[in-house]
Amino acid sequence: MIKAIVFDLDNTLVDFMKMKRRSIEEAIPAMIDAGLKITHEEANRIIDEIYKEQGIEYQKVFDVLLQRVLNEVDYKILSAGIVAYRRAREAALIPYPHVYSTLNQLLKLGIKMGILSDAPAKEAWLRLAFLNFHHIFDAVVTFEDTKERKPSPAPFIKMLDKLKIKPEEGLMVGDWAERDIEGAKKIGMKTAFARYGDTFDTKYHYADYELSDISELIDIVTKENKL
Ligand SMILES: [Mg+2]
């Protein structure tokens, strides 16, 4: 019996990598237009390098870019980049196809829903509020809640506590096999691999189910719960 579904956020409910790519693609010409002397390719290369060093959630990537190129932060160029980035991000931050309709159907079936993200609390909540997801989910657990990342059992256990369910009553949905799927399996939850959001070309995931579209969750719940 599935009583709750727990979703990873980035690349499971929203196409985070596409949002990032599009925002950077808009920010670079805006900075060049504001006076930064660099080619688009070179700027892209340095930005990639900074994200690799600092993590994909790093919030000062353009500050560091300018520091590396100019040896200082030129605030005219920085602001041009940030504004272009934010405009593009708002346009590109959209859920995968069938996310809203699927969540809506799950609500009607009486399934509780949670979000379990390794993203920093503020960034995760901003994305949730922007998408109006903050009204839909019963529980949200981010990095700050346990200070541990998936596949550590701590964030999963915190989520089960918040949803007041046993592990076997929960289904974890995620795009990252080593974190989302392994972590959930370890504590006894059911699992579904979000193939549609897979950016790693994952060969093996050992999940109970594989989703090519999020709407397939409805069939899974119907079957598991013998509705
Ligand atoms: Mg993910």
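H98 is partly exposed in this predicted model, because 16 other C-beta atoms lie within 10 Å of its own, a count that falls between the limit of 12 or fewer for exposed residues and that of 20 or more for buried ones. Although H98 is not a glycine, its phi is positive, at about 70 degrees, and the residue is found in the loop between α4 (75-92) and α5. A positive phi also occurs at Y206, again a residue other than glycine, with a value near 55 degrees. The place of Y206 is in the loop between β5 and β6, and Y206 counts as exposed because it has 10 C-beta neighbours inside 10 Å. A further backbone feature is the cis peptide bond that joins K150 and P151, with omega at about 10 degrees; P151 lies in the loop between α7 (143-146) and α8 (153-163).

The loop of Y206 leads from β5 to β6, and both strands belong to an open sheet of six strands, which has the order β3-β2-β1-β4-β5-β6 and parallel pairing. The edges of this sheet are formed by β3 (139-141) and β6 (209-211), each of which has a single partner strand, so that one side of each is left without a neighbour in the sheet. On average, and with direction ignored, neighbouring strands are turned by 20 degrees against each other. At the β6 edge, strand β5 (residues 190-194) pairs with β6 in the parallel sense over three bridges, and F193 has E210 of β6 as its bridge partner.

Further along the same order stands β1, between β2 and β4. Four bridges in the parallel sense pair β1 with strand β2 (residues 112-116), where K112 is the bridge partner of A4. Toward the other neighbour, β1 runs parallel to strand β4 (residues 170-174) and is joined to it by four bridges, with M172 of β4 as the bridge partner of V6. In a regular strand the side chains alternate between the two faces of the sheet. Both faces of β1 (residues 4-7) are covered, since A4 and V6 on one side and I5 and F7 on the other are all buried.

The last stop is a pair of helices, α5 (residues 99-108) and α10 (residues 216-224), whose axes come within 9 Å and cross at roughly 20 degrees. That angle makes α5 roughly parallel to α10, and the crossing is right-handed. From α5 the contact is made by T102, Q105 and L106, and from α10 by L217, I218 and V221; by class, four of these residues are nonpolar, two are polar and none is charged.

Technical notes:
Residues are numbered from 1 along each chain as its sequence is written. This is a predicted model: local features need pLDDT of at least 70, side-chain atom pairs count only at pLDDT 80 or more; totals for chains, interfaces and linings use all residues. Helices (H or I, at least four residues) and strands (E, at least two) are DSSP runs, numbered from the N terminus. Two strands pair if DSSP finds at least two bridges between them. Axes are lines fitted to C-alpha atoms, for helices over the stretch in contact, and angles run from 0 to 180 degrees between N-to-C directions. Angles under 35 degrees count as roughly parallel, over 145 as roughly antiparallel, 65 to 115 as roughly perpendicular and the rest as oblique. A crossing is left-handed if the near helix is turned anticlockwise from the far one by less than a right angle, and right-handed if clockwise. Two residues are in contact if their C-beta atoms, placed from the backbone, lie within 7 Å. Ala, Val, Leu, Ile, Met, Phe, Trp, Tyr, Cys and Pro count as nonpolar, Asp, Glu, Lys and Arg as charged, and the others, Gly among them, as polar.
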